[in-house]
Amino acid sequence: MKLYYFCQSNENLITMITNFETITEQVTEVEKALIPYIVMMFKEGKKNAITNEKIRENLKNSGKGDIKDFRLRVLIHFMRYKGHASRLCSSSRGYYIGTLSECAEYIKSLEERMDSIGQIKEALRAQAENTRVQLSMAI
């Protein structure tokens, strides 16, 4: 199984992410059929957030389907990119339709996470280079 992200140039996938190949496959037609039901669960405002677990529970209890937590995250990524749920934000409280100020806050959070990932990448790159230098000196 492979993790895919989505883009306009190809209806279904952009690229597999290294080290996440075994987690998921591209969004299936069965999963896409869940989108209208999931969209109806989103409410405006962070105070009305719904968790991944509650979405899955609602789908299962209504007979719409059973979906794993990681598959729901991939499907929500797809929904965001394709515009199935405009202004869809998330926090530790769950998913919600953001007000303009909440969208700005969420975008800031995304940027901060991107910066944090970049810091880890650069630290790891430097550590790997340092290890390569140490190994070459030992030979």
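The side chain of Glu102 reaches the backbone nitrogen of Lys46 at 2.9 Å, and that contact opens the first exercise. Before you start: this is a predicted model, where local features need pLDDT of at least 70, side-chain atom pairs count only at pLDDT 80 or more, and totals for chains, interfaces and linings use all residues. Residues are numbered from 1 along each chain as its sequence is written, and side-chain values use heavy atoms, with hydrogens and water left out.

**Exercise 1. Work out what surrounds the acidic side chain of Glu102.**

Step 1: place the residue. Glu102 sits in helix H5. Helices here are DSSP runs (H or I, at least four residues), strands are runs of E (at least two), and both are numbered from the N terminus.

Step 2: check burial and charge. Glu102 is buried and has no salt bridge. Buried means under 20% relative accessible area, exposed means over 50%, and partly exposed is in between (1.4 Å probe, protein chains only). A salt bridge needs a side-chain nitrogen of Lys or Arg within 4 Å of a carboxyl oxygen of Asp or Glu. The nearest side chain of opposite charge is that of Lys46, 6.0 Å away; for this purpose Lys and Arg are positive, Asp and Glu are negative, and His and the chain ends are not counted.

Step 3: look at the backbone instead. Besides the nitrogen of Lys46, the Glu102 side chain reaches the backbone nitrogen of Thr99, at 2.9 Å.

Step 4: list the neighbours. Leaving out residues up to four places away in sequence, Glu102 touches Gly45, Lys46, Cys89, Tyr96 and Ile97. Contact means heavy atoms within 4.5 Å.

**Exercise 2. Trace how Lys121, Glu122 and Arg125 are linked.**

Step 1: take the pairs one at a time. Glu122 forms a salt bridge with Lys121 (3.6 Å, N to O) and another with Arg125 (2.9 Å, N to O).

Step 2: look at the spacing. Glu122 and Arg125 are both part of helix H5 (residues 100-138), three residues apart, or about one turn of the helix.

Step 3: put the pairs together. Through shared partners, the salt bridges join Lys121, Glu122 and Arg125 into one network.

Step 4: check exposure. Relative accessible area is 45% for Lys121, which is partly exposed. Glu122 is partly exposed at 39%, and Arg125 is partly exposed at 49%.

Step 5: set this against the whole. A search of the full structure turns up eight salt bridges.

**Exercise 3. Sort the residues of helix H3 by side, and find its salt bridge.**

Step 1: pick out the buried residues. In H3 these are Asn52, Ile55 and Leu59.

Step 2: look down the axis. The buried residues fall within an arc of 65°, so they line one face of the helix; the arc is that of the directions from the helix axis to the C-beta atoms.

Step 3: turn the helix over. Glu53, Lys60 and Asn61 are exposed on the other side of H3.

Step 4: see what the buried residues meet. They pack against H2, H4 and E2.

Step 5: add the salt bridge. Lys54 and Glu57 pair up at 3.3 Å, N to O. The two are three residues apart in helix H3 (residues 52-61), so about one helical turn separates them. Lys54 is partly exposed at 36% relative accessibility, and Glu57 is partly exposed at 34%.

Step 6: follow the chain onward. Just after H3, Gly63 takes a positive phi of about 80°.

**Exercise 4. Describe the largest nonpolar core and say what feeds it.**

Step 1: find the hubs. The core has 20 residues, and Ile38, Phe42, Ile55, Leu75 and Ile76 touch the most other members. A nonpolar core is a set of buried Ala, Val, Leu, Ile, Met, Phe, Trp, Tyr and Cys residues joined through side-chain atoms within 4.5 Å.

Step 2: name the suppliers. Helix H2 (35-39), H3, helix H4 (69-82) and strand E2 (94-97) each supply at least two residues of this core. H4 gives the most, with six.

Step 3: zoom in on one hub. Not counting residues up to four places away in sequence, Leu75 touches Val27, Glu31, Lys32, Leu34, Ile35, Ile38 and Ile67.

Key: Polar contact = N/O pair within 3.5 Å; in protein donor to acceptor, adjacent residues only side chain to side chain.
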